[in-house]
Amino acid sequence: MQLIRDFFGFFSFISDIYERIKKFFLPKRAFAWQTLIYLSIFSWLMSSLSTGFVKSAIAFCGWAFLIAGTAWYTTENPLLIPGTNMPVGALVTGFLVSAFAFRDSAEVLTSRTIVFWPTISALITAAGEFFEGTGTDVSTQIPKIEDREKIIILVASCMVISCWLQFGFTVNQWLQEFPSLQADNFRGNFVIRTTQQSARIPENGVEILKKLEPLVREQIANRPWSEVEQWLLGAQQRVSNLGREVIQTSLGGYEERYLWQIEPRVYNLKSGGYTLDLLSIWSGPTSTGRGYYLKQSCQIEPLARSTNSPTTNRPDNGSLFAEINCGQISKPIPGPPPPLQ
């Protein structure tokens, strides 16, 4: 007997769930929020089978039915967000309105959808205070003074949230277009608070010098010393041209390519050789406002090679060739680069 009672009890439980689902999805009358939701689903189905203007028109109707149906349902069953006078339904309806208003052909959810979501939700909540009644029995009213204060505070707060969301998207876009900004230390900034971070080397600045160094080495190494000295006399123009080619090739996909520039510095050595400093200079914004640069020093020395001249044992300039050795790339050096010689 117990087994039979358990069986009928389970059957009653399933039947109760079925009735609840049936009551939720089947409208009691034709003009109901369920009808609008079903019309939106039907519109989207027809829109997927259409093209051109007809597709856009049916999709527009689908959005309108969805927004109206969702707003209707959430108005009938208001549930406030804790600590505010905004119903959860206004938040849902606001998201749908924002997605509909700011969607594009590529994607429905855009950054503007997120940015305007809080403000639109607040305006929907505020609009509800100017009407009373439900369904088709609606009349206008002027909110009470205490309600007006709540409306103003809610709308203003949501507009501030929208501003901060826009600021977050803007900063994220800056970091994508100018990744070298991530190497800076913004700790202590009045707007951006980050955890403790150590100074990092901007990867694009390092990449420029890594690709520039072989090109310079190719034009100097094992060349006659007299030619190398002439090359160094025009190093400013030659290295700058090579740097621009490297920047266009390596940073073509970043907006920050216009903020990097390459300059050389040439110093004489007592040994008769030269020091060639390759500078990768960042002219973009920094937390200190002083800028910085990366440096890679190359030592260029004359190297005597054995000749078959029987008349002298001392090499002359015609038998000297250049040898170049480049060191490691430095960490960012704050401040402007050294003046030209």
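This is a selection-by-selection tour of a predicted model.

**Colour by confidence**

Start by colouring the chain by pLDDT. The mean over the chain is 82, and 86% of the residues reach at least 70. Select strand S1, residues 131-134, and then strand S4: S1 has the lowest mean pLDDT among the elements of the chain, at 70, while S4 has the highest, at 93.

**The largest nonpolar core**

Next, select Leu 212, Val 216, Ile 220, Trp 231, Leu 276, Leu 278 and Ile 300. Within the largest nonpolar core, which has 31 residues, these touch the most other members. To see where the core comes from, show helices H7 (203-220), H8 (225-233) and H9 (235-250) together with strands S3 (260-268), S4 (274-282), S5 (292-304) and S6 (320-326); each supplies at least two residues of the core. Helix H7 gives the most, with 6 residues.

Centre the view on Ile 220. Setting aside residues up to four places away in sequence, Ile 220 touches Val 228, Trp 231, Leu 276, Ile 300, Ala 322 and Ile 324.

From there, move to Val 228, which sits in helix H8. Val 228 has a relative accessible area of 1% and is therefore buried. Beyond its neighbours within four places in sequence, Val 228 is in contact with Ile 220, Arg 223, Ile 300 and Ala 322. Now add Phe 321 and draw a C-alpha to C-alpha distance from Val 228: the two are 8.4 Å apart in space and 93 residues apart in sequence.

**The loop between H7 and H8**

Select Asn 222, in the loop that runs between H7 and H8. Its backbone is worth checking: phi of Asn 222 is near 65 degrees, a positive value in a residue that is not glycine. With 48% relative accessibility, Asn 222 counts as partly exposed.

**Salt bridges**

Show the charged side chains. The whole structure contains 3 salt bridges.

Go back to helix H7 and select Glu 207 and Lys 211. Their side chains form a salt bridge at 3.5 Å, N to O. Both residues are in H7, 4 residues apart, or about one turn of the helix. Lys 211 is partly exposed at 38% relative accessibility, and Glu 207 is partly exposed at 30%.

Further along H7, select Glu 213 and Arg 217, whose side chains meet in a salt bridge at 2.5 Å, N to O. Glu 213 and Arg 217 are 4 residues apart in this helix, so about one helical turn separates them. Here the two partners fall in separate accessibility classes: Glu 213 is buried at 13% relative accessibility, whereas Arg 217 is partly exposed at 29%.

For the remaining bridge, select Glu 263 and Arg 265. Their side chains meet at 3.0 Å, N to O, and both residues are buried.

**Aromatic pairs**

Switch to the rings of Phe, Tyr and Trp. There are 10 aromatic pairs in the whole structure. Select Trp 282 and Tyr 292, a stacked pair with 6.3 Å from centre to centre and 20 degrees between the planes. Trp 282 belongs to strand S4 and Tyr 292 to strand S5, so the pair ties together parts 10 residues apart in sequence. Both rings belong to buried residues: Trp 282 has a relative accessible area of 3%, and Tyr 292 has a relative accessibility of 11%.

Then select Trp 44, Phe 60, Trp 63 and Phe 100. Ring pairs link these four residues into a cluster.

**The second core and helix H2**

Select Trp 33, Leu 36, Trp 72 and Ala 99. They are among the 9 residues of a second core, separate from the largest one.

End the tour on Gln 34, in helix H2, residues 33-48. Is Gln 34 buried or exposed? Its relative accessibility is 8%, so Gln 34 counts as buried. Show what surrounds this residue: apart from neighbours within four places in sequence, Gln 34 is in contact with Lys 23, Phe 24, Phe 25, Leu 26 and Pro 27.

Definitions and conventions
Residues are numbered from 1 along each chain as its sequence is written. This is a predicted model: local features need pLDDT of at least 70, side-chain atom pairs count only at pLDDT 80 or more; totals for chains, interfaces and linings use all residues. Side-chain values use heavy atoms; hydrogens and water are left out. A nonpolar core is a set of buried Ala, Val, Leu, Ile, Met, Phe, Trp, Tyr and Cys residues joined through side-chain atoms within 4.5 Å. Buried means under 20% relative accessible area, exposed over 50%, partly exposed in between (1.4 Å probe, protein chains only). Contact means heavy atoms within 4.5 Å. pLDDT is the predictor's confidence in each residue, from 0 to 100. Rings of Phe, Tyr and Trp (its six-membered ring) pair if their centres lie within 6.5 Å; planes under 30 degrees apart count as stacked, over 60 as edge-to-face and the rest as tilted. A salt bridge is a side-chain nitrogen of Lys or Arg within 4 Å of a carboxyl oxygen of Asp or Glu.
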